[in-house]
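Visitor: I would like to request a close look at a single part of this protein. Please explain the terms as you go, for a first-year student.

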Amino acid sequence: MKNKFLYPFLFSLLMLGACSSDDDSGEPDPGKEPVNPPPVEAQPINLADYDNGTGVMMQAFYWDVEPRHEWWNLLTEKVDDWANAGIDRIWLPPASKGQSGGYSMGYDPSDYYDLGEYFQHETTETRFGSREELDNLIAAAHSNGIEVIADIVLNHNSGGGKEWNPYVQDSTYTLFDEAHGNASGMFNRTWEDFHPNNTSEYDSGYFLGQDLDHDVQHVQDWLWLNDNSVAKYYKNNVGFDGWRFDFVKGFSPWVVKDWMESVGGFGVAELWDGNPAVLEKYIEETGISVFDFSTFYKLEEALDRYDDLTYLTRDMVWQNYPDKAVTFTANHDTEKDTHEDNRIAAENKMMAYAFILTHPGYPTIFYSDYENEQFQEKLNQLILINNTIATGEVEVLFADNDEYIMHRKGTDGNPGLLLYLSTNGRKSHTVETTWSSKRVMDYTGNTEYTALTTESGVVTIQAPEEGYAVYSIMK
């Protein structure tokens, strides 16, 4: 882990009494009177001394990134700093050529094997750059110990040529060959590879563009089974380490399960549903992680919609599947969504990040949030906390409309933490901890308040006005 001990703030430390001796011999000097040493200041623990084995993923894009054709180069310049901050994976946008050519964000895939190498759809480079620049980015990430996650669009294709489709008795844009949107010549397709056809009429009932039929053997072979399939080409030739599966509502879970059995790696599904039972069922069916929309919506409800922090005690995926819940506070879709209930307000973002970076789950940072000058320093400190002392059993000590206090109880040798959220002025609360006779402080720097726990672990802590604090022990 490349985390550095980050203290972008000054702490006011209280004086604690202690006994020590300046005489290294251990024998009293009969010629001197005993002298009491001065009090010793309590010191912060060095968070870099701890490593709980977790990490944080960066979503390394937003909708319509700029500058066009330079995105891979821009990210390459950032991976060193991201690694130092504690990022262990970056999630890239779909890297292949889309129907929109140099303007495409990749969600309209045309040629899965054109990663900025073939002139088609009026461009050679993708919106993000050339294949060589993508290779350079992946190499830079790997040299920093960062895995690279490919965004895979399996539901639909766009940008093919027109052909007669006997199953719809009309012409459809389902012809993909060297002259029609598939210049690589790999995974050529016709109407027989899309719904409806002589294999099946539809899968999940979604027809976004040309809906791929995964029951067709030709489609399975080219997507994940063959040695030169999309999955194996991306892993073995390009160097991707894992997969973000786009819009999995559009096809059956067995598709993702087969893909993962064929190539392995990290996998996370975009199943846009706030019901934790639906998300957990998908985890059980596929074995991969899911973006935890249940936590996202509980954060939105608690901090925005209802202004009630008791929503943070309700059911969320991380409670039952902490290793499969990829938590987040924003992504490329939520940030452009016009419905206010589908995004977390900017003024509440840092409290939301404080929640996901102290609770179980695998947190994701949204690129635009990290690049926000008001957020970056605070996010770096929360990432450090996540990767070090955010560990152990979770206990919610108190929750009401405007206060939420959670204790991570730590493990042997790791002290854990307390998270205190307040949405209505400066608050204080007395709680029971696992820390006996320990001075505690806020490791976010949002408050300089410190306190001493009793022998039984009871302590009164403070939250900053409409903000968050993360307490742990001092030494």
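In what sense, and over how many bridges, do E18 and strand E19 (residues 417–422) pair?

Guide: This is a predicted model, in which local features need pLDDT of at least 70, side-chain atom pairs count only at pLDDT 80 or more, and totals for chains, interfaces and linings use all residues. Residues are numbered from 1 along each chain as its sequence is written, and side-chain values use heavy atoms, with hydrogens and water left out.

E18 and E19 pair in the antiparallel sense, over 6 bridges. Here, strands (E, at least two residues) and helices (H or I, at least four) are DSSP runs numbered from the N terminus, and two strands pair if DSSP finds at least two bridges between them. Within E19, Leu417 is the bridge partner of Arg408.

E18 also pairs with strand E17 (residues 394–399), again in the antiparallel sense, over 5 bridges. Arg408 takes part here too, as the bridge partner of Val394. The connection from E17 to E18 is a hairpin of 3 residues.

The next point is how far E18 is covered. Strand E18 spans residues 403–408, and 6 of its 6 residues are buried; buried means under 20% relative accessible area, exposed means over 50%, and partly exposed lies in between, using a 1.4 Å probe and protein chains only. The covering applies to both faces: Glu403, Ile405 and His407 are buried on one side, and Tyr404, Met406 and Arg408 are buried on the other.

Elsewhere in the model, a closed barrel of 8 strands with parallel pairing runs E3-E4-E7-E12-E13-E14-E15-E16. From one strand to the next, the twist averages 30°. Such angles run from 0 to 180 degrees between N-to-C directions, and the axes are lines fitted to C-alpha atoms, for helices over the stretch in contact. Strand E3 (residues 56–59) and strand E16 (residues 362–366) pair in the parallel sense over 3 bridges, with Thr364 of E16 as the bridge partner of Met57. Helix H10 (residues 349–356) lies across strand E15 (325–327) and E16, and runs at about 155° to E16.

A final example is a single residue, Ala141, which is located in helix H3 (residues 131–143). Ala141 has a relative accessible area of 0% and is therefore buried. Leaving aside residues up to four places away in sequence, Ala141 touches Val79, Ile90, Ile146 and Val148, where contact means heavy atoms within 4.5 Å.
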